[in-house]
Amino acid sequence: MTNNLTFKSSLWKTTSGKMGDLSISALWTVIGLPVSLISTLYFLLNRRKNVVLQDKVVFITGASSGLGEALAEAFHQCGCKVVIAGRNAEKLEELRDRLNSRKQDHQHSPAICILDLEDHDLGEKVHQAVAKVWGKVDILINNAGMSYRGAVADTKSEVDKKLMVVNHLGHIEITKAILPYMMKQNSGHIVCVSSVQGKLPIPHRSAYAASKHALQAYFDSLRAEVDHQGIQVCVVSPYYIRTNLSVNALSADGSSYGKLDQTTINGYDPHFVAQKIISCVQQGQEELILAPFHVKLAICLRVLAPWLYFKIMARRARKELGKNNNKKII
Ligand SMILES: NC(=O)c1ccc[n+]([C@@H]2O[C@H](COP(=O)([O-])OP(=O)(O)OC[C@H]3O[C@@H](n4cnc5c(N)ncnc54)[C@H](OP(=O)(O)O)[C@@H]3O)[C@@H](O)[C@H]2O)c1
């Protein structure tokens, strides 16, 4: 009886030992091997460059305030030849003078380009400005933009169109004007400042979310087309940034929204976002989603369980309607 037991237990030990060996090698084959292969492939395909920014010509739209202004300061500090573009000549001159007042030997005086993204001759204006200053552009930052608050049913068509022109079509015009310079030199970076809302639309932001979604799609397409010409495209999708974006936003009827939202007050520091964008350019990164973990999780949810995302958004819309009953939608 005792012998029998000893025999059984040693048999079990041998079998479980083999089982252990087997399961480790099976685990390695099923998980370890694919993970190592994917990691090696990722490393080989994504070997990051470290682009030197000194003397690069950087064209920044929406440089008169917020993130654009922070980007202009950051690129100027790196020794770039910065073209600050926007509508407001006074603000751009102030920025140029401020940057010049602390200019060091390796830094250049910025050039100003007055443009409105709604200009019908936008492409021509940009082309002329580029030809007049440094004759080339190494880095284009499509940053200018405008936000919106309103319910679809109340929103005037002109508001929808304006948002599409300012946040999407205008950038296409500018990019097309600058692309030939980059193609000629077989290098360049195009950065588009989109928004998390381009990936994750929320209620009462339809026109804004749609314009940013279109921007993402267009520039994802362009990225593939110009890759063989050494031109890199990066779409940046930030969460809230502490700027005047909500103050300058349009309401459904086309009037100014004029309020600084709490979400914006709690947002990222624009100088922090500007540094992140500089790193993207230096390392040739194709995409940056600058958002807290729960927002990144929601982006995954939109893809993996859209029905759940739709329910959460419908609930949010009902809540906002309740809060603003008989008032203008926030
Ligand atoms: N703040 C956020 O929470 C947030 C979050 C995600 C993404 N973003 C994006 O970040 C970018 C920068 O916005 P911001 O936050 O810095 O807001 P901002 O301070 O309001 O800056 C917007 C800039 O765009 C320019 N602009 C607006 N309409 C224009 C037009 N028709 N033609 C030329 N320039 C025009 C403005 O110039 P003027 O001085 O002439 O008006 C201003 O320089 C935008 O694309 C925005 O969508 C912002």
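In the predicted model, the packing of helix H2 against helix H8 involves Gly-66, Leu-67, Ala-70, Leu-71 and Ala-74 on the H2 side, which meet Pro-270, His-271, Val-273, Ala-274, Gln-275, Ile-277 and Ile-278 on the H8 side. By class, this contact comprises 9 nonpolar and 3 polar residues, with no charged residue taking part. H2 spans residues 66–77 and H8 spans residues 270–283. The two helix axes come within 8 Å of each other and cross at roughly 55°. Because angles from 35 to 65 degrees fall outside the parallel and perpendicular ranges, H2 is classed as oblique to H8. The crossing of H2 over H8 is right-handed.

Helix H2 also takes part in the surroundings of the ligand. Of the elements that contribute to the ligand shell, H2 gives the most, with 3 residues. In total, 29 residues surround the ligand. The closest of these are Gly-62, Gly-66, Arg-87, Gly-145 and Thr-243. Gly-66 is thus listed among the closest residues to the ligand and also among the H2 residues that meet H8. The composition of the shell is 15 polar, 10 nonpolar and 4 charged residues. Charged residues are therefore present in the ligand shell, whereas the contact of H2 with H8 contains none.

A second helix pair is formed by H4, residues 122–132, and H5, residues 157–185. Their axes lie 8 Å apart, and the helices pack at an angle of about 40°. H4 and H5 are therefore oblique to each other, and H4 passes H5 in a right-handed crossing. On the H4 side, the contact is made by Leu-122, Gly-123, Val-126, His-127 and Val-130. These residues meet Gly-170, Glu-173, Ile-174, Lys-176, Ala-177, Ile-178 and Tyr-181 of H5. The residues of this contact divide into 7 nonpolar, 3 polar and 2 charged. Glu-173 and Lys-176, both on the H5 side, belong to the charged class.

At the level of the whole protein chain, the secondary structure consists of 10 helices and 9 strands. The chain has 330 residues, of which 34% count as buried. Among contacts with a separation of 6 or more, 74% are accounted for by residues 24 or more positions apart in the protein chain.

Notes:
Residues are numbered from 1 along each chain as its sequence is written. This is a predicted model: local features need pLDDT of at least 70, side-chain atom pairs count only at pLDDT 80 or more; totals for chains, interfaces and linings use all residues. A residue is near a molecule or strand if its C-beta atom, placed from the backbone, lies within 6 Å of it. Helices (H or I, at least four residues) and strands (E, at least two) are DSSP runs, numbered from the N terminus. Axes are lines fitted to C-alpha atoms, for helices over the stretch in contact, and angles run from 0 to 180 degrees between N-to-C directions. Angles under 35 degrees count as roughly parallel, over 145 as roughly antiparallel, 65 to 115 as roughly perpendicular and the rest as oblique. A crossing is left-handed if the near helix is turned anticlockwise from the far one by less than a right angle, and right-handed if clockwise. Two residues are in contact if their C-beta atoms, placed from the backbone, lie within 7 Å. A residue is buried if 20 or more other C-beta atoms lie within 10 Å of its own, exposed if 12 or fewer, and partly exposed in between; C-beta atoms are placed from the backbone.
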